[in-house]
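Let's take a walk through this one together, going from the overall picture to a helix, some salt bridges and a few backbone oddities. Have the structure open and turn it as you read.

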Amino acid sequence: MTTLGAPIRGSLLALLAVCAVVGTAGCHAIDFYDESLEVPVAMPMQPPREKSMRSLPSYRIEPPDVLTVEMLKLVPLPPYRAEIYDVLQIQVAGTLLGYPIDNFYLVEGEGTVNLGPAYGKVRVAGMTTDEAKQAITEHLVQILREPEVTVQLARASGTQAVTGEYLVAPDGTVNLRKYGEVYVAGKTVAEAKEAFEKHLARFFDSPDVSVEVAAYNSKVYYIVSEGAGLGDGVLRMPVTGNETVLDALGTIGGLSQLASKEIWIARPAPAGFGCEQVLPVDYDAIVQGGRTETNYQILPNDRLIIGEDKLLAASNYFNKVTDPIQRLLGVTSLGASTIRGFQTLGRAYNRGRWW
């Protein structure tokens with residue numbers, strides 16, 4: 001007989017303990033949102049409430065979230081060669097009195113920068129900043145004695161802007177247009193920032209990116225309103241991390257005329273767990289008494305169920321059953337009255353002919 005290793009024996013014992021507790025104690029309230037649990041542990045836990053709320057785990061980006069990406073540093077990889085409509089920052093020491101060279105200069109359509117009427121134009125298109133510095137120095141030594149030239153790239157015209165809002169596509173990627181796609185699904189904001197910077201490092205020198213979630217669209221809860229036999233309503237609401245039952249009811253304007261005060265939260269359990277977690281809500285205690293015991297914190301994927309008015313549901317059901325009969329009787333009555341009308345007209349016509 002093969003001896004099991006210690007890790008395997010430990011895992012089996014833990015699993016057997018879970019099965020034994022579940023089998024003997026039934027279903028318990030379990031923190032199903034704890035992503036660190038690979039195997040659900042059947043232990044009583046208190047769900048978070050209005051006065052004992054808790055922060056949700058680090059937000060994981062999923063479709064269809066919207067991200068705001070801001071490029072804090074946008075410098076092309078060296079050696080960069082100046083192109084038409086680039087902007088160069090040029091500074092020169094030792095210029096003529098009243099004719100300084102210390103500004104931003106556009107690379108014009110013919111590939112030159114115009115240093116002003118006292119110095120003329122210098123061609124820089126296709127050059128690196130060092131080559132442009134050398135070309136400008138050689139041009140200015142014809143006018144100045146010992147010019148000291150500094151050239152820096154201020155803006156690259158061929159560099160497409162990265163800053164903007166981006167929708168996370170169904171495949172989990174963000175399309176940066178010219179710079180390709182970055183996979184961000186399942187990542188935290190910090191991990192997404194790292195993924196963007198690693199991807200953009202192929203195009204820019206040490207890129208620095210800021211990433212924020214502009215629209216939290218992937219983490220939601222549902223408000224299900226029973227319709228008293230007229231059809232249920234389902235609303236999909238975003239989770240911001242601070243909603244309670246009362247907040248959820250406030251988003252829909254309170255209870256409708258079809259609703260009762262029978263309200264509960266159905267909290268989903270892991271697949272195959274075999275238990276339902278239902279949290280009853282005492283509406284009167286929350287609203288009229290200001291009590292917080294059942295004003296639970298809403299967690300992602302919760303279902304807030306608003307029960308229907310039973311009397312209205314019974315009345316609507318009765319109307320559905322009897323309505324076809326009433327219509328049939330109405331048609332029958334209309335037919336009988338029509339026949340009687342024709343008979344009356346016929347007798348009146350015959351009496352008129354007799355006299």
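**A walk through the fold**

Let's drop in at glutamate 108, which is partly exposed, with a relative accessible area of 23%. That value sits between the 20% cut-off for buried and the 50% cut-off for exposed. Keep this residue in mind, since we'll come back to its partner shortly. One thing to say up front: what you're looking at is a predicted model.

Now zoom out. The protein has 6 helices and 15 strands. It runs to 355 residues, of which 33% count as buried. The accessible surface comes to about 21800 Å², and carbon and sulfur atoms own 56% of that. Among contacts with a separation of 6 or more, 61% are between residues 24 or more positions apart.

Next, find helix α3, residues 189-200. With 12 residues at 1.5 Å a residue, this helix should span 16 Å, and its end C-alpha atoms are indeed 16 Å apart, so expectation and model agree. Which residues of α3 are buried? They are Ala192, Ala195, Phe196, His199 and Leu200. Look down the axis of α3 and these buried residues fall within an arc of 120°, which means that they line one face of the helix. What do the buried residues of α3 pack against? Their neighbours are the strands β1 (66-73), β8 (173-175), β9 (181-183) and β10 (208-215). Flip to the other side of α3 and you'll find Ala190, Glu194 and Lys198 exposed.

Helix α3 also takes part in some charge pairing. Side chains of opposite charge can pair when their charged atoms come close. How many salt bridges are there in this model? The count comes to 9. One of them brings together the side chains of arginine 60 and glutamate 191, at 3.1 Å from N to O. This pair links distant parts of the chain, with arginine 60 in the loop between α1 and β1 and glutamate 191 in helix α3, 131 residues apart. Arginine 60 is partly exposed at 31% relative accessible area, and glutamate 191 is partly exposed too, at 34%.

A second bridge from α3 pairs lysine 193 with aspartate 208, at 3.3 Å from N to O. Here the link runs from helix α3 to strand β10, with the two residues 15 positions apart. Recall that β10 is one of the strands that the buried residues of α3 pack against. Both partners of this bridge are partly exposed: lysine 193 has 29% relative accessibility, and aspartate 208 has 30%.

Back to glutamate 108, as promised. Glutamate 108 forms a salt bridge with lysine 121, and the closest N and O atoms are 3.5 Å apart. Glutamate 108 lies in the loop between β3 (101-106) and β4 (112-114), while lysine 121 is in strand β5 (residues 121-123), so the pair ties together parts that are 13 residues apart in sequence. Lysine 121 counts as partly exposed because its relative accessibility is 44%, between the 20% and 50% cut-offs. This pair has company as well: salt bridges with shared partners join Glu108, Glu110 and Lys121 into one network.

Now for the backbone. Most residues other than glycine have a negative phi, and most peptide bonds are trans. Where does this model depart from that? Start with the peptide bond between proline 63 and proline 64, which is cis with an omega of about 0°. Proline 64 is in the loop between α1 (6-25) and β1. Another cis bond runs from proline 78 to proline 79, with omega near -5°, and proline 79 sits in the loop between β1 and β2.

That loop between β1 and β2 (87-93) also holds tyrosine 85, a residue with a positive phi of about 75° even though it is not a glycine. Tyrosine 85 shows up at the surface, too: together with Ile84 and Leu106, Tyr85 makes a nonpolar surface patch of about 280 Å². Alanine 228 is another non-glycine with a positive phi, this time about 55°. You'll find alanine 228 in the loop between β11 (220-225) and β12 (233-238). Is alanine 228 buried or exposed? With 0% relative accessibility, alanine 228 counts as buried.

How values were computed. Residues are numbered from 1 along each chain as its sequence is written. This is a predicted model: local features need pLDDT of at least 70, side-chain atom pairs count only at pLDDT 80 or more; totals for chains, interfaces and linings use all residues. Side-chain values use heavy atoms; hydrogens and water are left out. Helices (H or I, at least four residues) and strands (E, at least two) are DSSP runs, numbered from the N terminus. The expected span of a helix is 1.5 Å times one less than its number of residues. Buried means under 20% relative accessible area, exposed over 50%, partly exposed in between (1.4 Å probe, protein chains only). The arc is that of the directions from the helix axis to the C-beta atoms. Contact means heavy atoms within 4.5 Å. Patches are made of residues with over 30% relative accessible area and no salt bridge: like charges are joined within 9 Å, nonpolar side chains (Val, Leu, Ile, Met, Phe, Trp, Tyr) within 5 Å. Accessible areas come from the Shrake-Rupley method with a 1.4 Å probe; for residues, only the protein chains shown count as cover. A salt bridge is a side-chain nitrogen of Lys or Arg within 4 Å of a carboxyl oxygen of Asp or Glu.
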